[in-house]
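Subject: Structure for you to look at

Hello,

Here is the structure I promised to pass on. Please open it next to this message and follow along; my notes come right after it.

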Amino acid sequence: GLNDINAMFYNTATKKLWLETGAGKLFEYDVISKKISEHHYSNDTTIKLILSIKEDVDGMLWLGINNGLLKYDPVRGISNRIQGIEQRVTNLLIKGNSIWTTTLTEIIKLSKTTDSMQKFNLRALNPNFVIIPRTLIADEKGKLWLGTYKGFCIIDTAQFKAIETLSAPKLIEFTVFDKEKSFDRSYENLKEITLNYKENFFSFQFSSLNFQSSRTIQYAYRL
């Protein structure tokens, strides 16, 4: 018998059921012939679990595993690991040419044709966000609904953008006695600032220049 089933996908056209039965094992069950067969889709021993299974219009299986995402051709028996996703994949959804997937904290949009991806970390909005497995669905308007331990999120796929990568804080203002000090180059090109002994009251401002998650950025400085 099959035990510890963690993920399933049923193709209504081919009448085939794909399921994971623990320890990352993948089985194909033909509903018509009632035959079941195991697919040895990868030699990677670090794969311990399949949490989500989806099949695209080309017959390719997308497997969300404990440490990433795999694309598997069940006819040829060949799988490819998608680079750039190393965390546990908890949800999968195929919408047109896009594969929507999540880790415990990220929403990822992957192009099937180019393998390019956009990532958005929900903890940029709330540091306590954790995404719940198998809670990603699409509505009739094309929006995605996603469950987290802090409630649900609605994702507008047409407006989805990757979160900006945080850069080192940049100097945006420098004043001496509350008057802006002039330099012979821009703030960005300054490597050091030298003050004379009379300029003993000064202040400065800095910013990471990230406006997507500005409320969650924490700064630290040392004098």
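Four strands make up an open sheet, in the order E1-E2-E3-E4, and their pairing is antiparallel. E1 and strand E4 (35-39) are the edge strands, since each pairs on one side only. Neighbouring strands of this sheet are turned by 20° against each other on average, with direction ignored. Bear in mind that this is a predicted model.

Now look at the start of that sheet. E1 and strand E2 (residues 16-20) pair in the antiparallel sense, over five bridges. Strand E1 covers residues 7-11 and holds methionine 8. Which residue in E2 is the bridge partner of methionine 8? It is leucine 19.

Methionine 8 has a second role to note. Together with Leu2, Ile5 and Ile36, Met8 makes a nonpolar surface patch of about 340 Å².

One general point helps when you look at strands. In a regular strand, side chains alternate between the two faces of the sheet.

Next, find serine 52. It sits in strand E5 (residues 50-55). Is serine 52 buried or exposed? Its relative accessibility is 6%, so serine 52 counts as buried; the cut-off for buried is under 20%. What does serine 52 touch, leaving out residues up to four places away in sequence? The contacts are Ala7, Trp62, Leu63, Gly64, Val89, Thr90, Asn91 and Leu92.

Then move on to another sheet. This open sheet has three strands in the order E13-E14-E15, again with antiparallel pairing. Why is one side of E13 and of strand E15 (151-155) left without a neighbour in the sheet? Both stand at the edges and each has a single partner strand, so one side of each stays free of a neighbour there. On average, neighbouring strands of this sheet are turned by 20° against each other, direction ignored.

Zoom in on E13 and E14. Strand E13 (residues 131-138) and strand E14 (residues 144-148) run antiparallel, and four bridges join them. Leucine 136 has leucine 146 in E14 as its bridge partner. Alanine 138 stands opposite leucine 144, also in E14. The hairpin of E13 and E14 has five residues between the strands. Within this hairpin, glycine 142 takes a positive phi near 90°.

A good route through the model is to start at methionine 8 in E1, go on to serine 52 in E5, and end at glycine 142 in the hairpin.

Best wishes

Definitions and conventions
Residues numbered from 1 in each chain as written. Predicted model: local features only at pLDDT ≥ 70, side-chain atom pairs only at ≥ 80, totals over all residues. Heavy atoms only, no water. Pairing = 2+ DSSP bridges. Helix = DSSP H or I, 4+ residues; strand = E, 2+ residues; numbered from the N terminus. Patch = residues over 30% accessible without salt bridge, like charges linked within 9 Å, V, L, I, M, F, W, Y side chains within 5 Å. Areas by Shrake-Rupley, 256 points an atom, 1.4 Å probe, with all protein chains shown as cover. Salt bridge = Lys/Arg side-chain N within 4 Å of Asp/Glu carboxyl O. Buried < 20%, exposed > 50% of the residue type's maximum accessible area, 1.4 Å probe, protein only. Contact = heavy atoms within 4.5 Å. Axes fitted to C-alpha atoms, helices over the stretch in contact; angles between N-to-C directions.
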